[in-house]
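User: Please take a close look at one part of this protein for me, the aromatic rings. I'm in my first year, so keep it friendly and spell out the cut-offs.

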Amino acid sequence: MIAKIVSIKLFTSLNYFRYLLGLSLLIIVAFLGLANASDKELRISDERGQLTTDMNLEDWSYHRKIMGLPHVFLKPTKNKKHSSMSITFSGHKTLMEKKVLKKKTDEYTQGRKQWAKKRKAVKIKKFYPYKYIETENKIKIHILGFEYSTAYLKSIKENSIYLNCPDDSLIHIKIFLLPEHFKFESKLINFVKSIKSCKRHQT
């Protein structure tokens, strides 16, 4: 009888030990899964090209094929308007030379002024100087931008970013920021700078 009781207790203890061991393993696996999720590579791709980065825009929602654009990140404001960053692969080799593009900033400025002139409610507040960045991954980034107001919004920031991949293919990135999200401008620029590889898909 005593042997039977000892046997039952031992069986119960072994089951409890197995339960604790299984629970511990589940916790460890879950922890590793969360750690790996934060380190996952972000890849944006379509039939024209692709890019990869290790930086995620957690605060921004990603959308495929909306507003007539292939890839869009959105950030809502309190009044349900949206700031956005769109990414468009050209699918073509178009080398943007720094010297040439710098000279064409005047064309960009005049083009934006003509655009605003056709829209009576739009007033240009200022233009931002041309910026050129070359990353350690041999990706060349050209940034042009300006700020304007409309009848409904006191200020909007717009950045046009032309990104040349190592294979000379071109990616166009457009950023629209509402006043509530001006603080995210550097984060979005850092996202562009964090792109570690990009290329076109030949069709």
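**Rings and their surroundings**

Analyst: Start with Y108, W115, F127, F146 and Y148, which together make up one aromatic cluster. Keep in mind that this is a predicted model, where local features need pLDDT of at least 70, side-chain atom pairs count only at pLDDT 80 or more, and totals for chains, interfaces and linings use all residues. Residues are numbered from 1 along each chain as its sequence is written, and side-chain values use heavy atoms, with hydrogens and water left out.

Rings of Phe, Tyr and Trp (its six-membered ring) pair if their centres lie within 6.5 Å; planes under 30 degrees apart are stacked, over 60 edge-to-face, and the rest tilted. That rule gives 8 aromatic pairs. Take F73 and F191: their centres are 5.8 Å apart and their planes at 65 degrees, so they're edge-to-face. This pair ties together distant parts of the chain, 118 residues apart, with F73 in strand β4 (residues 69–76) and F191 in helix α4 (residues 185–193). (Helices, H or I with at least four residues, and strands, E with at least two, are DSSP runs numbered from the N terminus.) F73 and F191 are both buried, meaning under 20% relative accessible area with a 1.4 Å probe, protein chains only.

Back in the cluster, W115 and F146 sit with centres 6.1 Å apart and planes at 85 degrees, so this pair is edge-to-face too. It also links distant parts of the chain: W115 belongs to helix α3 (residues 105–117) and F146 to strand β7 (residues 140–149), 31 residues apart. F146 counts as buried because its relative accessibility is 0%.

Now for F182: K157 lies over its face, 4.7 Å from the ring centre. For a charge to sit over a ring, NZ of Lys or CZ of Arg must be within 6 Å of the ring centre and within 35 degrees of the ring normal.

Finally, follow F73 back to its strand. β4 pairs with strand β5 (residues 82–93) in the antiparallel sense over 6 bridges, where pairing takes at least two DSSP bridges. L74 in β4 has S84 in β5 as its bridge partner. The two strands form a hairpin with 5 residues between them, and K80 in the turn has a positive phi of about 70 degrees. β5 also pairs with strand β9 (residues 169–177), antiparallel over 7 bridges, and there M85 stands opposite I175.

Terms used
Buried means under 20% relative accessible area, exposed over 50%, partly exposed in between (1.4 Å probe, protein chains only).
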